[in-house]
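Open the model in your viewer and keep the selection tool ready. We will go stop by stop.

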Amino acid sequence: NYKQWFGGEIFNYRKTRKNGIIIYSYNYPAVASGRFPRIASISNAICISYLWKKIQKDNVKIDLIHAHFTTFSGYNAIKLAHKNELPLVITEHYSLFRKWEIKIIIRKMLKQTIENSDVFISVSKALKSDIEKHLRRSIDSPVIPNMISPVFKYYKPVKKQDFIFFSAGNLNKNKNMDLLIKAFSIAFKGDEGTKLEIAGDGPEFVNLKNYIRNFQMCNQVKLLGKINRIEMVGRMSNCDSFVMLSKSETFGIVYREAMAIGRPIITSKDRKSVV
């Protein structure tokens, strides 16, 4: 509805302060980013331009631009950095580049971003290798793993009545959440003392909801939607095991967060290594 789009979290500009740092943020829906990347890139560029004008209005001195992901913030940051004569750093951790085939326009964006950035960072050796395969050449890209927030620390397991499996991630086809639900249903259907909680949002949310209903697992499988970092810590510390069967990961930070909390990890045997 109108309030959800223009008065809630979508199309919402914010200026906040955290730990003495001023944060300018603008949330907008990433529409058709996979099917129509050119349109998605243009909409991203418009939003970045809007946010940049807000920053300039406050006469904030900018020393460096650091963008995450080539598509689409990194690619659109090129023009901004050149126009304002600022160094540009890109951190790439998009699992799309772990696939064997990507769209020609995405490959062109990747090539231009690497060539026009001062530093292009990959979050794992495997991701860097896959990017080089797409470009068919080696790249000068330092590997800097993702950092894990200190809020993810060891929590002693809590004894409770139910055994809880917990999973979290963007609800897209790469995460294989449908396979997880199917496997859980085969193993534990009817065992009311065993639950599966899945945190996250994405294009597969409605399909997964229907999938759970079709398997008649509504009492045992719960989609939590998008949760914040503090809620994530709470869910992980309350679970008995973290499980995710994603096809591939650029770094797999959510696995490491669960390990930092002290929970055993279950994943699929054929998942691509990210080490």
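This tour visits two sheets, some helix packing and a few unusual backbone spots. Keep in mind that the model is predicted.

**Stop 1: the three-stranded sheet**

Select β3, β4 and β5. These 3 strands form an open sheet in the order β3-β4-β5, and the pairing is parallel. Color residues 65-68 for β3 and 119-122 for β5. Both strands stand at the edges with a single partner strand each, so one side of each has no neighbour in the sheet. Look along the sheet for its twist, which averages 15° from one strand to the next.

Now zoom in on β3 and β4. Strand β4 covers residues 88-92, and 4 bridges join β3 to it. Which residue of β4 is the bridge partner of Ile65? Select Leu88 to see the partner. Strands of a sheet pair through backbone hydrogen bonds, either parallel or antiparallel. Here β3 and β4 run parallel.

**Stop 2: helix α4 and its two packing partners**

Two packed helices are described by the angle between their axes and the distance between the axes. Select helix α2, residues 37-57, and helix α4, residues 104-116. They pack at an angle of about 40°, and their axes are 9 Å apart. That makes α2 oblique to α4. On α2, show the side chains of Pro37, Arg38 and Ser41; on α4, show Ile105, Ile106 and Met109. These residues make the contact. By class, the contact of α2 with α4 has 4 nonpolar, 1 polar and 1 charged residues.

Hide α2 and bring up helix α3, residues 70-83. Its axis and that of α4 come within 9 Å and cross at roughly 40°. So α3 is oblique to α4. What is the handedness of the crossing of α3 and α4? The crossing is left-handed. From α3, the contact residues are Thr70, Thr71, Phe72, Gly74, Tyr75, Ile78 and His82. From α4, they are Ile106, Met109, Leu110, Gln112, Thr113 and Asn116. The contact of α3 with α4 divides into 6 nonpolar, 7 polar and no charged residues.

**Stop 3: a cis peptide bond**

Stay on helix α3 and select Phe72, which is found there. Look at the bond between Thr71 and Phe72. A cis peptide bond joins this pair, with omega at about 5°. Most residues other than glycine have a negative phi, and most peptide bonds are trans.

**Stop 4: two positive phi angles**

Select Asn19 next. It lies in the loop between β1 (12-18) and β2 (21-27). Asn19 is not a glycine, yet its phi is positive, at about 55°. Is Asn19 buried or exposed? Its relative accessibility is 74%, so Asn19 counts as exposed.

Jump to Arg136. This residue is in the loop between α5 (125-135) and β6 (163-168). Arg136 is not a glycine either, and its phi is positive at about 60°. With 77% relative accessibility, Arg136 counts as exposed.

**Stop 5: the five-stranded sheet**

Select β6 to β10. This open sheet of 5 strands has the order β8-β7-β6-β9-β10, with parallel pairing. The edge strands are β8 (221-225) and β10 (265-266), and each pairs on one side only. Focus on β6 and β9 (residues 241-243), which pair in the parallel sense over 2 bridges. Click Phe166, and then its bridge partner in β9, Phe242.

Add helix α8, residues 229-238. Helix α8 packs on the sheet and touches β6, β7 (194-199), β8 and β9. Its direction makes about 145° with that of β6.

Move to the β8 edge. β7 and β8 pair in the parallel sense over 4 bridges. Select Glu197, which stands opposite Lys222 in β8. Strand β8 is mostly covered, as 4 of its 5 residues are buried.

**Stop 6: Ile266**

Finish at the other edge. Ile266 is found in strand β10. Ile266 is partly exposed, with a relative accessible area of 37%. Leaving aside neighbours within four places in sequence, Ile266 is in contact with Phe165, Ser241, Phe242, Val243 and Met244. Now select Tyr255, which is 11 residues from Ile266 along the chain. Use the distance tool on their C-alpha atoms, which are separated by 9.1 Å.

Technical notes:
Residues are numbered from 1 along each chain as its sequence is written. This is a predicted model: local features need pLDDT of at least 70, side-chain atom pairs count only at pLDDT 80 or more; totals for chains, interfaces and linings use all residues. Side-chain values use heavy atoms; hydrogens and water are left out. Axes are lines fitted to C-alpha atoms, for helices over the stretch in contact, and angles run from 0 to 180 degrees between N-to-C directions. Angles under 35 degrees count as roughly parallel, over 145 as roughly antiparallel, 65 to 115 as roughly perpendicular and the rest as oblique. Contact means heavy atoms within 4.5 Å. Ala, Val, Leu, Ile, Met, Phe, Trp, Tyr, Cys and Pro count as nonpolar, Asp, Glu, Lys and Arg as charged, and the others, Gly among them, as polar. A crossing is left-handed if the near helix is turned anticlockwise from the far one by less than a right angle, and right-handed if clockwise. Buried means under 20% relative accessible area, exposed over 50%, partly exposed in between (1.4 Å probe, protein chains only). Two strands pair if DSSP finds at least two bridges between them.
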